[in-house]
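Reader: Please set out the reasoning behind the terms applied to this model. I should like each value placed beside the criterion that it meets.

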Amino acid sequence: MKLLNIGFGNAVAMERIIAIISPDSAPVKRMISDAKERGILIDATYGRKTRAVVVTDSGHIILSGLQTDTITGRAEG
């Protein structure tokens, strides 16, 4: 299993990731609030601003304090 570092000592299994997206659009903000209500939101920002949203195949939404470009660069490299 290959893990992807999403910042601040947190990692996600790469084969479980569906998308890494920016949190700025209204649909993504709705997706985050829905996940919070359903109890499937994981906040890995450590109190920092959310800069990337990781969507997994299990439906979990993971918030990261790193930029989407940084995370995708780590996934590719």
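Author: In this predicted model, the hairpin of β1 and β2 has two residues between the strands, and Phe-8 takes a positive phi near 60 degrees there.

Reader: What makes β1 and β2 a pair of strands?

Author: Two strands pair if DSSP finds at least two bridges between them. Strand β1 (residues 3–7) is joined to β2 by four bridges, and the two run antiparallel; therefore the criterion of at least two bridges is met. Within this pairing, Asn-5 stands opposite Ala-11 in β2.

Reader: Why is Ala-11 called partly exposed?

Author: Partly exposed denotes a relative accessible area between the limits of 20% and 50%. Ala-11 has 46% relative accessibility, so Ala-11 counts as partly exposed. This residue is found in strand β2 (residues 10–13). Not counting residues up to four places away in sequence, Ala-11 touches Leu-3, Leu-4, Asn-5 and Ile-6. Ala-11 and Ala-44 are 33 residues apart in sequence, with 9.4 Å from C-alpha to C-alpha.

Reader: Why does Thr-45 count as buried?

Author: Buried means under 20% relative accessible area. Thr-45 has 2% relative accessibility and therefore counts as buried. Its place is in the loop between β4 (41–44) and β5 (52–56). Not counting residues up to four places away in sequence, Thr-45 touches Phe-8, Thr-50, Leu-63, Ser-64 and Gly-65.

Reader: What makes the approach of the Thr-45 side chain to the side chain of Asp-43 a polar contact?

Author: A polar contact requires a pair of N or O atoms within 3.5 Å, one able to donate a hydrogen and the other to accept it. The side chains of Thr-45 and Asp-43 make such a contact at 2.6 Å, so the distance criterion is satisfied.

Reader: Which strands are the edges of the open sheet, and what makes them edge strands?

Author: The open sheet has four strands in the order β3-β5-β6-β4, with mixed pairing. The edge strands are β3 (17–21) and β4, as each pairs on one side only. On average, neighbouring strands of this sheet are turned by 20 degrees against each other, direction ignored.

Reader: How do you know that β3 pairs with β5?

Author: Four bridges join β3 to β5, and these strands run antiparallel. The requirement is at least two bridges, so β3 and β5 count as paired. Ile-21 stands opposite Val-53 in β5.

Reader: Which helix lies across β3, β5 and β6, and at what angle to β3 does it run?

Author: Helix α2 (residues 68–76) lies across β3, β5 and β6 (61–64), and runs at about 145 degrees to β3.

Definitions and conventions: Residues numbered from 1 in each chain as written. Predicted model: local features only at pLDDT ≥ 70, side-chain atom pairs only at ≥ 80, totals over all residues. Heavy atoms only, no water. Buried < 20%, exposed > 50% of the residue type's maximum accessible area, 1.4 Å probe, protein only. Contact = heavy atoms within 4.5 Å. Axes fitted to C-alpha atoms, helices over the stretch in contact; angles between N-to-C directions.
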